[in-house]
Structures are given as structure tokens and as C-alpha cells.
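Thanks for coming. Please have a look at the structure on the screen before I start.

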Amino acid sequence: MLLATRPDLIAEYRRIRKRSVDLCAPLCAEDWRAQTMPDVSPPWWNLGHTSWFFARNVLAEFDAESRELATFAGFDYALNSYYEGLGPRLPRTARGRVAQPTTGDILRYRQTVDRDMANLLARDDGEDWPRLCERVTIGLQHEQQHQELLLSEILHIRWSAPPELRVPYRETATTVTTEPAPPMRFVRVAGGLTEIGADNDTFAWDNERPRHRAFVAAFELADRLVTCGEWLAFMADGGYTDPLLWLSNGWTTVTTGAWRAPMYWEERDGGWCQWTLRGVQPVEPAAPVCHVSFYEADAFARWAGARLPTEHEWEQATNEHGFDVDDGNLLDDDALRTLPARGPKSTLAQMAGDVWEWTNSHYEPYPGYRAYDGALSEYNGKFMDNQRVLRGGSLATPRDHARASYRNFWPADTRFQFTGLRLAR
């Protein structure tokens, strides 16, 4: 990875840490402590955990004066997520059932970690700088992941109130149109022997490396994401009630859960609306469909006479046709909902942003994969089991966090994340 200069790293640390707190500004006191399902962590825990990450993985190693803070038993237990090697931790399902640490405790803890990190980064430690820079960069990238998680969790927390009492995270500021999207076109990707994965010139997670050779057969990829209008047609044609469209596990999931539409959709007065970070809005036909599971995406693709791309195909499409973050609807654009394609600068629109795109690939290590050393070895590798890969980024992904090689991953039944799909054939 490229090393940042000290002033640049300090500025990035301040900017990214501030954004996490800013994202919580619209919350009321009750929002901070709510855990509305096991996968949703309350906001207090997110702000605390991202601070604990720096305390445990940076301050504990590089700053002797802060080691007591880094390993303070109460916070260590409450804020550890899944690092078995770092000791016992509060069960994930209990994060919304405890009164301590209080929200005030967490905000003070965060300020203390920031103070000690500022002191550490201001020192000129010479030969330790490359390792320190890499570790802080990992911490900042981790915090940006939690910024996206935070928004998806706030969305669920606000939605879980009785319908008459739901309060938007932010008021409506985008125009909703009823015009359909232009017809979907399929763009040829030549394929062949190619290189997949991140190079060594920029930051990437360990699961994006090593860059390796792979063969991708020629295929076609849709020039835009699947829209809400197309999803309405799938629903009207009995897509949720036809077992022939579904994988076995998918059919069990959809019938057990009585799914009849994407998550956060509901029928009102003969039409469909959806809950978004900007409140209840009419389903916009030209906007990308969001909050669908892998099982739903796979069934839709089969109904449409197509399929989902593999992750190698998806990345090869960016190799040939580009990956333009400036063309995407990402967190920095503040739309906080999916938007119709705006006219791509390349032949493939919406490759970055709006929704994470399900691929047909299982989450597995690349050939020659090497996990991070020490406790950070638990960050990605141990989850390479029963997960599917998603690519591209979403409306809640920070723009400087999105890249073509990024491998997001979730279980196949996940819906509460900002997930959608693009067709291949």
C-alpha cells in the first residue's frame, strides 16, 4: 500500500472520525440504545467499537501510555465484536439490552481515544511509521465500513416503530419520478485470461489479494441495475409464489418468511411505497430495487431469462469498461435512497453506488490468500463460509471507500443491507 504523509493521515483521521459522529446527529436518545434485530447493533455500540478498534489495534501496540485505556476490562468486554483472540465479549444479541456503558460514557471514551491517537500521530517515530500508518489506515477503512452499517441499522431502527410513529432519519430532499427506466441493454465483455484482485499501489483488504490470473469466458452484462419497475413486473407475474424460480434454500426462506416484496416495501391504497432513510416514499419505477436478498436476486434473474454474474465476471467488466465512482450515487451525494441511472460516462452505468450487487460467487479465498497477522487475521478470512460476494458499493458507501476490487459479503438471506442486482447472460 502507499504510505500517507503524517499531515495527510492526521487529516484523514479527523475527517473520517468526525463523519461517524455527524451521521448520528439526527438521532434521539432512544435511537442510541435500540437493537431491533440481532444483526442490528445500536448506534452507541458502533461509535464505541470503532474507537475500541483503534485502542486495541493501534494504541495498545504503539503507545505504552495508552495501554491501560486500550485494555480496560469493561470497555474491552463491551466493545469487542468477534475477535476470539482478544478475549471474552458481550454477546452480539445483548448489545441493546445493557444500560452500561452509557451513551455519555461512549462519547467520552471516543474523545479520549481521539486525544491519544492525536498525540501518537504527532510524534516522529521514524522506523515505526510504515507499520503505524498501515494500522491506522486499516482502522479508518474499518470505520468507513461501520458508517455504512450505521445507516443500514438506523434505517431498521426507525422502521421498527409502529407505522404511524415512524420518523425519517432525514427529511425528503429528492424528487421522485414515475417515469420508467430506458430499456435494459446488454454490453459484451470479451473476457479471456485476465488479472483479478487489488494491486499493491493502494489500500485493499487482505481478501482482495493477491492479484492473480483467471480465465473469464466472454459474456454480456446489463448496462444498468435492475429497477423497481422491473421488480414490480416480477411480483405481478407471481415471482414470489413460483417454486420453480427458487433455489431450495431460497424457497424455504421466502415461504417461511412470507416474503412477497423487497424489505421495507408495503402496499398502500393500491400502490407500493417503501421506507427509506428519507421516510416513506412511493416506489420509483426507474430507481434500482434495493433490500433484496441473494435468493430473491437469483430468482429474479431466472425469471428474466438471465443470471447473476460471477464476481470475476463483474470485475472483468470494470477492467474493460471502467469503474467510475464519480458516476455513482454514494454517501457523499446525500441522496440516502436509490436514484435512476444518470447517463454513464462509460457503457456500464451504476457500477459504483446505489446498491451492492449480488454475484453468484461464494465468498472464498483467492489463490495464495494470506490473512493479516495477529488478531486482525480474524477480520475477513474466518467468514469464508456460507456467504455470497457483492460488488460495487451503495448509496451509503463513502466515495473514497469504493473500488472495483472490493469484496463485500453477506449470507444469502440478508435483506436489511443496501443490496440489489445486475443481470448477466
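I will go through two threonines and then one pair of strands. Keep in mind that this is a predicted model.

Start with Thr-50. Where does Thr-50 sit? Its place is in helix H3, which covers residues 43–62. Is Thr-50 buried or exposed? Its relative accessible area is 3%, and the cut-off for buried is under 20%, so Thr-50 counts as buried. The side chain of Thr-50 has a partner on the backbone: the oxygen of Leu-47, at 3.2 Å. If we set aside neighbours within four places in sequence, the residues in contact with Thr-50 are Arg-17, Arg-110, His-142, Glu-143 and His-146.

Now Thr-414. This one is in a loop, between strand E10 (408–410) and strand E11 (419–420). Thr-414 has a relative accessibility of 6%, and therefore it is buried. Its side chain reaches the backbone oxygen of Pro-411 at 2.9 Å. Again without the neighbours within four places in sequence, Thr-414 is in contact with Val-292, Ser-293, Phe-294, Trp-358 and Thr-419.

Last, the strands. How do E2 and E3 pair? Strand E2, residues 192–196, runs antiparallel to E3, and five bridges join the two. At one position, Ile-196 is opposite His-212 of E3.

Which residues of E3 are on its covered face? They are His-212, Ala-214 and Val-216, while Arg-213 and Phe-215 are on the uncovered face. Why every second residue? In a regular strand, side chains alternate between the two faces of the sheet.

That is the end of my part.

Note on methods. Residues are numbered from 1 along each chain as its sequence is written. This is a predicted model: local features need pLDDT of at least 70, side-chain atom pairs count only at pLDDT 80 or more; totals for chains, interfaces and linings use all residues. Side-chain values use heavy atoms; hydrogens and water are left out. Helices (H or I, at least four residues) and strands (E, at least two) are DSSP runs, numbered from the N terminus. Buried means under 20% relative accessible area, exposed over 50%, partly exposed in between (1.4 Å probe, protein chains only). A polar contact is a pair of N or O atoms within 3.5 Å; within protein, one must be able to donate a hydrogen and the other to accept it, and residues adjacent in sequence count only if both atoms are side-chain atoms. Contact means heavy atoms within 4.5 Å. Two strands pair if DSSP finds at least two bridges between them.
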